[in-house]
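Hi there,

Here is the structure I promised to pass on. Have a look at it first, and then read on for what turned up.

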Amino acid sequence: MEEADDEQQYQKKMRKRLSDAIKAAQIEQQKKDIMRQFLDDKAYERLMNIRISNQDLYEQIVRMVVQLAQSNRISGKITEPQLKSILSKMTFKREPTIEFKHK
């Protein structure tokens, strides 16, 4: 009896994991479709490379492009140089400076 309950709980967990994985895949596909719509081919390819190397940065860019699209601030497709410009602004870090104070 206890084994049957364990098996049922296991099956329930597996179905939940499978449905979560399917939902995540669908969401990711929707993101890719939206990016295809608003990025030219080279910019899209660069974005997919970013997705592989830095998932957080990819998510930020996707959110930003979606916001720009929703506010109608995108005219045409974003090109690779424009995407590079956006990336440089998003990843800009001020270089630390070292100051020596002499007595």
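How much area does the protein chain expose, and what percentage of it do carbon and sulfur atoms supply? The chain exposes about 8900 Å², and 51% of that comes from carbon and sulfur atoms. Please keep in mind that this is a predicted model.

**The overall picture**

The protein chain has 4 helices and 0 strands, so to speak a run of α-α-α-α when read from the N terminus. Its C-alpha atoms fill a box of roughly 80 × 55 × 25 Å along the principal axes. The radius of gyration is 22 Å, whereas a compact globule of 103 residues would have one near 13 Å. Buried residues account for 23% of the 103 residues. If you take the contacts between residues at least 6 apart in sequence, 68% of them join residues at least 24 apart.

**The core**

The largest nonpolar core contains 19 residues. Those with the most contacts inside it are Met 35, Leu 39, Leu 47, Ile 61, Val 65, Ile 74 and Leu 83. Helix 1 (2-38), helix 2, helix 3 and helix 4 each supply at least two residues of this core, and the largest share, 7 residues, comes from helix 3.

**Helix 4 up close**

Helix 4 covers residues 80-91, which is 12 residues. From its first C-alpha to its last it reaches 16 Å, close to the 16 Å expected at 1.5 Å a residue.

Which residues of helix 4 are buried? They are Glu 80, Leu 83, Ile 86 and Leu 87. These four lie on the same side of helix 4, because they cover an arc of only 120° around the axis. The general rule behind such a pattern is that an α-helix has 3.6 residues a turn, so residues three or four places apart point the same way. On the face turned away from the buried side, helix 4 carries the exposed residues Pro 81 and Lys 89.

What covers the buried residues of helix 4? The cover includes helix 2 (41-53) and helix 3 (55-70). Leu 83 makes a good place to zoom in: leaving aside neighbours within four places in sequence, Leu 83 is in contact with Ala 43, Arg 46, Leu 47, Ile 61 and Ile 78. Leu 83, Leu 47 and Ile 61 are also among the residues with the most contacts inside the core.

Happy browsing, and best wishes!

Terms used:
Residues numbered from 1 in each chain as written. Predicted model: local features only at pLDDT ≥ 70, side-chain atom pairs only at ≥ 80, totals over all residues. Heavy atoms only, no water. Expected span 1.5 Å × (residues − 1). Buried < 20%, exposed > 50% of the residue type's maximum accessible area, 1.4 Å probe, protein only. Arc of directions from axis to C-beta. Contact = heavy atoms within 4.5 Å. Core = buried A, V, L, I, M, F, W, Y, C linked by side-chain atoms within 4.5 Å. Rg over C-alpha atoms; globule rule 2.2 N^0.38 Å. Areas by Shrake-Rupley, 256 points an atom, 1.4 Å probe, with all protein chains shown as cover.
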